[in-house]
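Me: I would like to go through the terms used for this structure and check each against its definition.

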Amino acid sequence: MSHLILATNHLAENVLGQSGLANLALGFSLRFVSGKLPSEEQLLMGLERRTAKHCNSGDHWLDDTCRGSLNGFGTRDIGFFELCAKFDSIEVWVDPLHSDQLVLVWLLDLLRPYKEITSKLSLVHTDVEVANYAPESVAKWKLPACKVADNHLVTASRAWRAHRAATPEPCFDLLMTDLMILPRLRAALVAMLGELPDSVTGLGASEMDILADVNDGHTDPRLVTEARWIRDVFDENEARNSLLDLADYSAPPVLLGDPAFDNEDRYFGRSEWKVTLTDLGRSLVAREDDMWRHNSIKRWWGGTELTNEKLWRWDRESRSLVAP
């Protein structure tokens, strides 16, 4: 019996591959929590057998996989559906982070029409990030594998369509429905809604965490960005970009560094610098000002393009959407 593990992030791939729990373990490097979402056509192209159109790094789903790692089941040119057909059973290992829940609903929606694959598909929900553990430790875990049923596929498709929608309303409406078949999906949706511009300050929850951290006296930018990780929404690069956005692209700025704030040497610790709050930053922490009263916004939240004229917000007190 051949067994495949698919992980909802690429960091878990090596650990699961060395654990001996499957003939092959592969992970997805996709993230759907920041920036403009890839089109469905782009996503499908990335899963096809490699051709000349996969000319850039990251175009093919196996670009980050080591050569020769497919253990006799194919080469790094193989297509996703072709590879799945080679296995008798497939488990999707789902880490608890919010990004992983979005990858899960994308994957289940993708596979929904392929009964020959979904009939051998199971879900394994982890309580921790697999990549933080040694393979020999993971090999001893006794996690339940839940057979994928129609309810999983229907709920995932609704969630994926909602995340891709042109407004956040479908995601908010999902919170009024039963999502327990995918146990961490509700928390992921709530966390994502919290990253919409706040109804008062105009900043997302993680951006406000960064400002609060600086307000508490933390000045090392590498440590300040960790405040953005606490909510398990963004990764290190996304957190760093947010920090630089608050400093470099706001007029007046929200944070101050030094005249060479955008110098990456300073972020990576090759040169000393500190961050401090400006008057605007302090006003935002006190919830006495609105970021977008001073600046223009052009940002993506799922499939929603946020602009000053089309600015969906989140009321954190009533936990409700505020339409433009």
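The turns below cover burial, the nonpolar core, disulfides and helix packing.

Reply: This is a predicted model, in which local features need pLDDT of at least 70 and side-chain atom pairs count only at pLDDT 80 or more, while totals for chains, interfaces and linings use all residues. Residues are numbered from 1 along each chain as its sequence is written, and side-chain values use heavy atoms, with hydrogens and water left out.

Me: Why is Cys84 called buried?

Reply: Buried means under 20% relative accessible area, exposed over 50% and partly exposed in between, with a 1.4 Å probe and protein chains only. Cys84 has a relative accessible area of 1%, so Cys84 is buried. Cys171 is also at 1% relative accessibility and therefore counts as buried.

Me: How do you know that the search of the whole structure finds 0 disulfides, and what does the sulfur of Cys84 show?

Reply: A disulfide is a pair of cysteine sulfur atoms within 2.5 Å. For Cys84, the closest cysteine sulfur is in Cys146, 18 Å away, which is too far for a bond. The search of the whole structure gives 0 disulfides.

Me: What makes a set of residues a nonpolar core?

Reply: The members are buried Ala, Val, Leu, Ile, Met, Phe, Trp, Tyr and Cys residues, joined through side-chain atoms within 4.5 Å. The largest such core has 77 residues, and those touching the most other members are Phe28, Phe80, Leu83, Trp106, Leu107, Leu108 and Leu211. Helix 4 (residues 98-111) gives the most to this core, with 9 residues. A second, separate core has 11 residues, including Ala12 and Val130.

Me: What does Leu107 touch?

Reply: Contact means heavy atoms within 4.5 Å. Leaving out residues up to four places away in sequence, Leu107 touches Leu6, Phe28, Phe80 and Val92.

Me: What makes 98-111 a helix, and how does helix 4 pack against helix 7?

Reply: Helices (H or I, at least four residues) and strands (E, at least two) are DSSP runs, numbered from the N terminus. Helix 4 and helix 7 (residues 150-164) pack at about 115 degrees, with axes 8 Å apart. Axes are lines fitted to C-alpha atoms, for helices over the stretch in contact, and angles run from 0 to 180 degrees between N-to-C directions.

Me: Which residues of helix 4 meet helix 7?

Reply: From helix 4 they are Leu102, Val105, Trp106, Leu108 and Asp109; the helix 7 residues they meet include Ala156 and Trp160.
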